[in-house]
Amino acid sequence: MRLATVRTASGTSAARIDAPGTATLIPGHADVGTLLRHADWRAIAAQPGEGVAYSPADLAPVVPRPEKIICVGLNYAAHIAEMGHARPDVPTLFVKFADALIGAHDDAEVPSVNAETLDFEGELAVVIGSRARHASEAEAAGCIAGYSIINDYTQRHFQKRTQQWHQGKSLEKTSGFGPWIDTEWRPGPELKTWLNGELMQSAPTDDLVFSPAELISFISGFYPLNPGDVIATGTPAGVLHAREPRRYLKDGDVVRVEIAGLGAIENTTRVV
């Protein structure tokens, strides 16, 4: 089952994706995040409802206001090497705020004062479906509602000027998130990122140093993960900052992140 947050004439609604361009609205739930807070969300999402047509522009961030967005750095071996870091013994965590999120096909709007050294990071996103607290890995696996795609859009100068990465990782209105969550999909298929049609990243989504279940178990030892929370699991090799010579995103650049069987997001950088 694929669940999305769809923009309609009267606001947003959680929806079940039936086919490309066609969805069934889930009444009483403004977005997927509110739906997931119900213990019986699967049964609610499967019920009949009003069918609607939607366009790519109608897809809002799949969970528009997560309580928590936890990002994982250095979780693909090749990316660790290209960034010059040692392989970590435990996950490297930082946070992103919901203000950073945009829909699957929205523009990433960056004020000119922040528009230098911009970079993409195509990532697999894990969406939590039931509360996890001090969860074992087996318990953690059962807490996953499904998977989605996120671009951990980054301003590298801001990220690198201190040892804390957050300030470069949460620019407002930059991180595409969607197009939906898929409750049946499982890690393994390739993640690919294109810049203006040029393939930049390609890696299997099960080639992680720390798996989704390991991440949930680790994180839930510090604080609870609640339905609708999001974990961005890290990016593969191929980011612009690690290239020789270094390259960065500019006004008009189009970044597409696709995961086989899970869909794609495509966002254009607009310097405003």
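This is a chat about one predicted model, its five-stranded sheet, its salt bridges and its nonpolar core.

Trainee: Hi! What should I know before I start reading the numbers?

Mentor: This is a predicted model, where local features need pLDDT of at least 70 and side-chain atom pairs count only at pLDDT 80 or more, while totals for chains, interfaces and linings use all residues. Residues are numbered from 1 along each chain as its sequence is written, and side-chain values use heavy atoms, with hydrogens and water left out.

Trainee: Cool. What is the strand order in the open sheet?

Mentor: The order is S8-S18-S17-S14-S15, with mixed pairing. Strands here are DSSP E runs of at least two residues and helices are H or I runs of at least four, both numbered from the N terminus. Two strands count as paired if DSSP finds at least two bridges between them.

Trainee: And which strands are at the edges?

Mentor: Strand S8 (108-110) and strand S15 (198-204), each of which pairs on one side only.

Trainee: How do S8 and S18 run, parallel or antiparallel?

Mentor: They run parallel, joined by three bridges, with S18 covering residues 263-271. Val110 stands opposite Val271 there.

Trainee: What about S17 and its partners?

Mentor: S17 pairs with S18 in the antiparallel sense over six bridges, and Ile259 stands opposite Gly263. With S14 (residues 190-195), S17 (residues 254-259) is also antiparallel, over five bridges. One of the partner pairs there is Trp194 with Arg256.

Trainee: Which residue has a positive phi in the S17 and S18 hairpin?

Mentor: Gly261, with phi near 85°; the hairpin has three residues between the strands.

Trainee: Switching topic: how many salt bridges are there?

Mentor: A search of the whole structure finds 16. The criterion is a side-chain nitrogen of Lys or Arg within 4 Å of a carboxyl oxygen of Asp or Glu.

Trainee: Got an example?

Mentor: Take Asp152 and Lys96, whose side chains meet at 2.7 Å, N to O. Asp152 sits in the loop between strand S11 (144-151) and strand S12 (154-155) and Lys96 in strand S6 (residues 92-96), so this salt bridge ties together parts that are 56 residues apart in sequence.

Trainee: Are those two buried or exposed?

Mentor: Asp152 is buried at 0% relative accessible area, and Lys96 is buried at 3%. Buried means under 20%, exposed over 50%, and partly exposed in between, using a 1.4 Å probe and protein chains only.

Trainee: What does Glu121 pair with?

Mentor: Glu121 forms a salt bridge with Lys169 at 3.0 Å, N to O. Glu121 is in the loop between strand S9 (118-119) and strand S10 (122-128), and Lys169 is in the loop between helix H5 (156-160) and strand S13 (175-182), so the pair links parts 48 residues apart in sequence. Glu121 is buried at 5%, as is Lys169 at 1%.

Trainee: And Asp253 with Lys250?

Mentor: That salt bridge is 3.3 Å, N to O. Asp253 is buried at 4%, whereas Lys250 is exposed at 52%. Elsewhere, salt bridges that share partners join Lys96, Asp119, Glu121, Asp152, Arg156 and Lys169 into one network.

Trainee: Last one: where does the largest nonpolar core lie?

Mentor: Domain 1 (1-56) and domain 2 (61-271) both give residues to this core, so it lies between them; the domain bounds come from an automatic or database assignment. The core has 77 residues, and those with the most contacts inside it are Leu3, Phe177, Ile216, Leu225, Ile231 and Leu249. A core here is a set of buried Ala, Val, Leu, Ile, Met, Phe, Trp, Tyr and Cys residues joined through side-chain atoms within 4.5 Å.
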